[in-house]
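Me: I am new to this structure and should like to understand the terms applied to it. Please set each value against its definition.

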Amino acid sequence: MKDFMGKLVWILTAIGAINWGLAALGFGLFQLPPLNAMPGLVKLVQYFVGISGIASLYMFFTQKSCCK
């Protein structure tokens, strides 16, 4: 279960990073037509991406096999 959560956090964090990088080009993943029609879903995904970023940082600094 821990591996699944870690991979999910990494995927959502990667989506956030890609979206942020594309914003520099004036484009965003959450501005695509299918997602733009569902602003409630976009806001929910953005919350999950933000929480995943925090969880990713937590996992980075608390894993015993990394960065100690």
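Me: Which residues is N19 in contact with, leaving aside its neighbours within four places in sequence?

Reply: N19 is in contact with F27, G28, L29 and F30, leaving aside its neighbours within four places in sequence; contact means heavy atoms within 4.5 Å. N19 lies in helix α1. Helices (H or I, at least four residues) and strands (E, at least two) are DSSP runs, numbered from the N terminus.

Me: On what basis should the model be read, and what confidence does it carry?

Reply: This is a predicted model, in which local features need pLDDT of at least 70 and side-chain atom pairs count only at pLDDT 80 or more, while totals for chains, interfaces and linings use all residues. Residues are numbered from 1 along each chain as its sequence is written, and side-chain values use heavy atoms, with hydrogens and water left out. The pLDDT is the predictor's confidence in each residue, from 0 to 100. The protein chain averages 84, and 93% of the residues score at least 70. Among the elements, helix α2 (residues 33-36) has the lowest mean pLDDT, 79, and helix α3 (residues 39-62) the highest, 88.

Me: Why is N19 called buried?

Reply: Buried means under 20% relative accessible area, exposed over 50%, and partly exposed in between (1.4 Å probe, protein chains only). N19 has a relative accessible area of 17%, and therefore counts as buried.

Me: What makes the approach of N19 to L29 a polar contact?

Reply: A polar contact is a pair of N or O atoms within 3.5 Å; within protein, one must be able to donate a hydrogen and the other to accept it, and residues adjacent in sequence count only if both atoms are side-chain atoms. The side chain of N19 reaches the backbone nitrogen of L29 at 2.7 Å. In T13, a polar atom of the side chain lies 2.7 Å from the backbone oxygen of V9.

Me: Why is T13 called partly exposed, and which residues does T13 touch beyond four places in sequence?

Reply: The relative accessibility of T13 is 24%, so T13 counts as partly exposed. T13 lies in helix α1 and touches S52, G53 and S56, not counting residues up to four places away in sequence. T13 and G50 are 37 residues apart in sequence and 7.7 Å apart in space, C-alpha to C-alpha.

Me: Why does S52 count as buried?

Reply: S52 has 5% relative accessibility and therefore counts as buried. S52 is placed in helix α3, and its contacts, not counting residues up to four places away, are V9, L12 and T13.

Me: What makes V42 buried?

Reply: V42 is buried because its relative accessible area is 10%. V42 is found in helix α3 and is in contact with F30 and L35, leaving aside neighbours within four places in sequence. The C-alpha atoms of V42 and Q63, 21 residues apart along the chain, are separated by 31 Å.

Me: Why is W10 called exposed?

Reply: W10 reaches 55% relative accessibility and therefore counts as exposed. W10 is in helix α1 and touches S56 and M59, not counting residues up to four places away in sequence. The C-alpha atoms of W10 and S56, 46 residues apart along the chain, are separated by 6.9 Å.

Me: Why does L8 count as partly exposed?

Reply: L8 has 35% relative accessibility, so L8 counts as partly exposed. L8 is found in helix α1 (residues 2-23).
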